[in-house]
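Biologist: I should be grateful for a close look at a single buried position in this structure. Please then set it beside the sheets and helices found elsewhere in the chain.

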Amino acid sequence: MIDKKSLSERDICTKFITPAVEKAGWNRLTQLLEEVSFTDGKIYVRGKLTARGNKKRADYILYYKPNIPIAIIEAKDNKHSVRAGIQQALDYAQILDIPCVFSSNGDGFLFHDRTATDGNIETEIGLDDFPSPEQLWEKYKIYKGIATPSAEKIASQDYYFDGSNRKPRYYQQIAVNRTVEAIANGQNRIILVMATGTGKTYTAFQIIHRLWKSGAKKRILFLADRNALIDQTRRGDFKHFKDKMTVVKHRQIDKSYEIYLALYQGLSGTDEDANVYKQFSPDFFDLIVIDECHRGSAKEDSSWREILSYFKNATHIGLTATPKETKETSNTEYFGDPVYTYSLKQGIDDGFLAPYRVVRIGLNIDAEGWRPDQGKTDKDGNEVEDRVYNRKDFDRNLVIEERTELVAKKLTEFLKGYDRFAKTIVFCVDIDHAERMRTALAKHNADLVAENYKYVMQITGDNDEGKRELDNFINPEEKYPVIATTSELMTTGVDAQTCKVIVLDANINSMTKFKQIIGRGTRINEEYGKLYFTILDFRNATDLFADKDFDGDPIRVKPVSQDEDLSLVVIEEEENSVTVLDEATGEEVVFEKVKIRYPDGSPLDGNWVARDKKGYREKVYVNGVDVSVLVSREMYFDQHGKPITSSLKDHTKDIIKEKFASLDDFLNKWNSTDRKEAIIAELQEQGVMVEPLYDAVNKEVDLFDLICHVAFDQPPLTRRERANNVKKRNYFTKYGEQAKKVLEALLDKYADEGITNIENIEVLRINPFDSFGSPLEIINEFGSKQNYFAAIKELETELYKQA
């Protein structure tokens, strides 16, 4: 007779839970997955080093078909009740969008039915009564509102597998399933909101492939507004469509394909002959996927919206990281509420997106403004208008050469102290500013530019040489270009996996644009050491991090009708279109060129800079201005992603006192925990910023003293002082000569580097321990591995003895 109480949780799974589930008809290879990690673990940045937090892991996830999860089981050992795991299981079920939730201790199951509407929401069932796949599939259909055989056929269509081990992440799975199920249930306007870097194109591919293979959608149009987006899509995930797919080019239409990739500009134009989309019948496409749907066609009176209106009978799916809700534009009005939102904060918390450091650099003229001396002339000899110029004017109306020089100098200094070959994007006010910034950076990095002139490149819409280098910049294997100066071209849709530095030297009033720019740095590439990125902010643009809308849901603000006289500033020119900034709202709008004209009505062409209600104006260029750095400081963010406005010490004190009511509570936890590293990791997950705290207090103290000092006002001891206190007590005399040497060396290692290193057995492989013998030989000096760890535990007890 097995004593269940003596079995581990894993033994309970192997001997009782897994057999019970298999007996109910679940296929162990395709339907029953054990110990499923569904996040990667949040990345914590410690100085220049990084560490991963814990992954979220479910004991069991049950699938009707691969990537269609319908149940979750949380297991406990038999010392717990059958109900003990239900709250954790429900938490995971909510995250993973799963309706059927179970907890088990090996005696039976507690079944929580999220589809129940009566009092039977939770029931206990025996090991022999676990539901079959078909029974739980019926529950899933109720949960998802799948009511007809045709809807069930679409919702149960297989995912595409390419023969590799690539699988959708949990949030991609939810996005695909919810979209396919919504369409199966007859919904024709759908929007998915997924943070930049979370794989919107792969998600779109799986949606399209499942709908296409199920026969629900036969001809599909994928629409974008930039060539780079179409090229990335064609070469990337969509390549599996092979000869069924075409890219619409040169306004040539071939109706023999099933999947079409196209630019708005390639389908429409300024005259009727250019509107080649009308060569298709209005019912030719039954599915249209609109990439970056916050741009281009988002505005109701946009000519590009006419394409969507023409194919109005098709199902429309909008993809965006930043849904647009302004007085003029509403994604929600067109598509409805998002069927799923996966935010930047969630992506960072899950470890799928890179966290960021923010360094704000305040310049004197930005903070105080600049007023020209009486009679001050510009570079052309014209007197500069006498008024106070501020950050909004710089590089847009007024160019101060010394300001550009100083920004370039400070960026260069940062890279010299960090990594001169870290891929960097500098966001400038406009193309002229990007051009001047490239020149200034080339001057400050003359040594590397001499080695390769592509070290710094201007990549803007008007610069063909720079645009040709865009692919090299985003290719992790290409060393050059290293620094890209840009205005609008790289704000969106550029998959820059290894971008480690983002420089903000542009005034950003639009939350949409800010999110898109931050998104250039959020991708992770562990192979190339990209696990976090740094934002250098010269314009206080990162104030937007504190905005409640930064990571919140979009709120519709567009009234039912509106007709305003807009003040527009051109910020990017492309072949057939221009991007303009609406000064009234800070929002970007994309127009075809013909839509914007000179005041006399003539079409836009030639060189121009900006437009306001008075027409066009030239910039004023001045030099001989004293520009200096007033302040440079790193911003810190709490565990919710919001900037910390209190002092770092007060912020830490609040977190620790929330967890430990008194010094005794903390001491008990510290002394009873075998591995102190676990407490450190736990505090970091709660939002304690260990490295900055060391900088603020004393790098020579232990984390134990740091916490006792900051939270409980205890005087701190340095690590060296603690180590010397142990030596004074002659604590080592009970050990043999060799073991004593090892412990003394561990004590010195603690004094130099801290507690986490001496807890790791790998420390025995390095100097000076390698001179004592191999790790096995060293451990044998203590009699056994168990005795060695007991000695480490005792050493820690001695270190933290209260005087």
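**Tyr-260 and the wider fold**

Modeller: In this predicted model, Tyr-260 lies in strand β12, which covers residues 259–263. With a relative accessible area of 1%, Tyr-260 is buried, since it falls under the 20% cut-off. Leaving aside residues up to four places away in sequence, Tyr-260 touches Ile-220, Leu-221 and Phe-222, then Thr-246 and Val-248, then Asp-254 and Lys-255, and finally Phe-280, Phe-284 and Phe-285. One of these contacts, Leu-221, is 39 residues from Tyr-260 in sequence, yet the two C-alpha atoms are 4.8 Å apart in space. There is also a polar element to this site: the side chain of Tyr-260 reaches the backbone nitrogen of Tyr-257 at 3.2 Å.

Burial is also a feature of strand β21 (residues 499–504). Here 6 of the 6 residues are buried, so the strand is largely enclosed by the rest of the structure. Strand β18 (residues 423–427) runs parallel to β21 and is joined to it by 5 bridges; within this pairing, Phe-427 has Leu-504 as its bridge partner. Strand β22 (residues 533–537) is likewise parallel to β21, through 4 bridges, and Val-503 is partnered there by Leu-536.

An open sheet is formed by 6 strands in the order β1-β4-β5-β6-β7-β8, with mixed pairing. Its edges are β1 (32–37) and β8 (122–126); each has a single partner strand, so one side of each lacks a neighbour in the sheet. On average, neighbouring strands of this sheet are turned by 30 degrees against each other, direction ignored. Within the sheet, β4 (residues 57–65) and β5 (residues 68–75) run antiparallel and are joined by 5 bridges, with Leu-62 standing opposite Ala-71 in β5. Helix α3 (residues 133–144) packs on the sheet, where it touches β4, β5, β6 (100–104) and β7 (108–113). The direction of α3 makes about 110 degrees with that of β5.

Finally, there is a helix pair to consider. The axes of α24 (residues 719–728) and α25 (residues 737–753) come within 7 Å and cross at roughly 160 degrees. The two helices are therefore roughly antiparallel to each other, and α24 passes α25 in a right-handed crossing. On the α24 side, the residues that meet α25 are Arg-719, Arg-720, Arg-722, Ala-723, Val-726 and Lys-727. On the α25 side, they are Leu-747, Asp-748, Tyr-750, Ala-751, Asp-752 and Glu-753.

Key:
Residues are numbered from 1 along each chain as its sequence is written. This is a predicted model: local features need pLDDT of at least 70, side-chain atom pairs count only at pLDDT 80 or more; totals for chains, interfaces and linings use all residues. Side-chain values use heavy atoms; hydrogens and water are left out. Buried means under 20% relative accessible area, exposed over 50%, partly exposed in between (1.4 Å probe, protein chains only). Contact means heavy atoms within 4.5 Å. A polar contact is a pair of N or O atoms within 3.5 Å; within protein, one must be able to donate a hydrogen and the other to accept it, and residues adjacent in sequence count only if both atoms are side-chain atoms. Two strands pair if DSSP finds at least two bridges between them. Axes are lines fitted to C-alpha atoms, for helices over the stretch in contact, and angles run from 0 to 180 degrees between N-to-C directions. Angles under 35 degrees count as roughly parallel, over 145 as roughly antiparallel, 65 to 115 as roughly perpendicular and the rest as oblique. A crossing is left-handed if the near helix is turned anticlockwise from the far one by less than a right angle, and right-handed if clockwise.
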